[in-house]
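Today I am going through the pockets of this model, one entry at a time. Here is what I have open.

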Amino acid sequence: MEFLNWSYQDMVATITINRPPANALSSGVLKELSAVLDEVESNDEIRVVLIQGEGRFFSAGADIKEFTTIETGDAFAKLSTYGQDLFERMERFPKPIIAAIHGAALGGGLELAMGCHFRLVADNAKLGLPELQLGLIPGFAGTQRLPRYVGAARAAEMLFTSEPITGLEAVQYGLANHAYPESELLENAYKLAKKIAKKSPVSIKAAIELLNYSKTDKFLDGVKKEAELFGEVFVSNDGKEGISAFIEKREPKFTGK
């Protein structure tokens, strides 16, 4: 890997964006992230993913210099679609993905973070979509995901003014789960990852699938799917183990089967 470092221990994979100075999301970074997710998804020893940035930033956005090498609208649309598909894959990924955001998550960096299941932020971090300031628009589904989290009015304000919000404001607006002093961010991110990793992979995967139904207008389809997955989870080995452990008053040992 040229732009990403990754490893895993204690059932948690840590992916670090390492493309100084700002961890800009080039097409190369996106392709490497896709390749890492392939490996993570196929590895049963990994149950949770943590994404962070090396240096001063989580990611300050897409690679503007790379944009200058693209000559046609169709080529820009192709790049946009690739990023959208990747972040959609992350949102539907069967293992929870946590973004630990320090410094800045701007433009494509914030769009990447919004594709994760959790966002933990440093209280002084900056989060925003500044593309309109450059005469552009977000291209990795930022215009669609941001209103889900902060509502239409705040999303419009963030887009049209191009002004970022702080980590503390991101929590207040519903964009992030928790904010911490920057020095405590990674410690708390790992703590959350390890807590989730102890849960049943079978039930986690089902819950992720069902939560994605809730983001659409397919409520009745989601309810129907919930009943179907409820039955499947209940008769799984993990379901039986969880019930036995509860009755026997011990910690369950989930295997993901």
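Entry 1, terms. I work on a 1 Å grid over the protein atoms alone, where a pocket is an open set of points with protein on both sides within 12 Å along at least five of seven lines, and lining residues have an atom within 4 Å of a point. I take a volume as the space filled by probe spheres set on the points, which are joined across faces, edges and corners.

Entry 2, source. This is a predicted model, in which local features need pLDDT of at least 70 and side-chain atom pairs count only at pLDDT 80 or more, while totals for chains, interfaces and linings use all residues. Residues are numbered from 1 along each chain as its sequence is written, and side-chain values use heavy atoms, without hydrogens and water.

Entry 3, largest pocket. I looked up its volume and found about 480 Å³. Its lining has 21 residues, and Phe-67, Glu-131, Leu-136, Ile-137 and Gly-139 lie nearest the centre. Helices (DSSP runs of H or I, at least four residues, numbered from the N terminus) come in here: H2 (64–67), H3 (73–91) and H4 (108–114) give two or more residues each. H3 gives the most, with four.

Entry 4, second largest pocket. I read a volume of about 370 Å³. Of its 19 lining residues, Asp-44, Ile-46, Lys-95, Pro-201 and Gly-256 lie nearest the centre. H8 (185–197) and H9 (201–213) each supply at least two lining residues, and H9 gives the most, with four.

Definitions and conventions. On a 1 Å grid over the protein atoms alone, a cavity is a set of points where a 1.4 Å probe fits but cannot get out, and a pocket is an open set with protein on both sides within 12 Å along at least five of seven lines; lining residues have an atom within 4 Å of a point.
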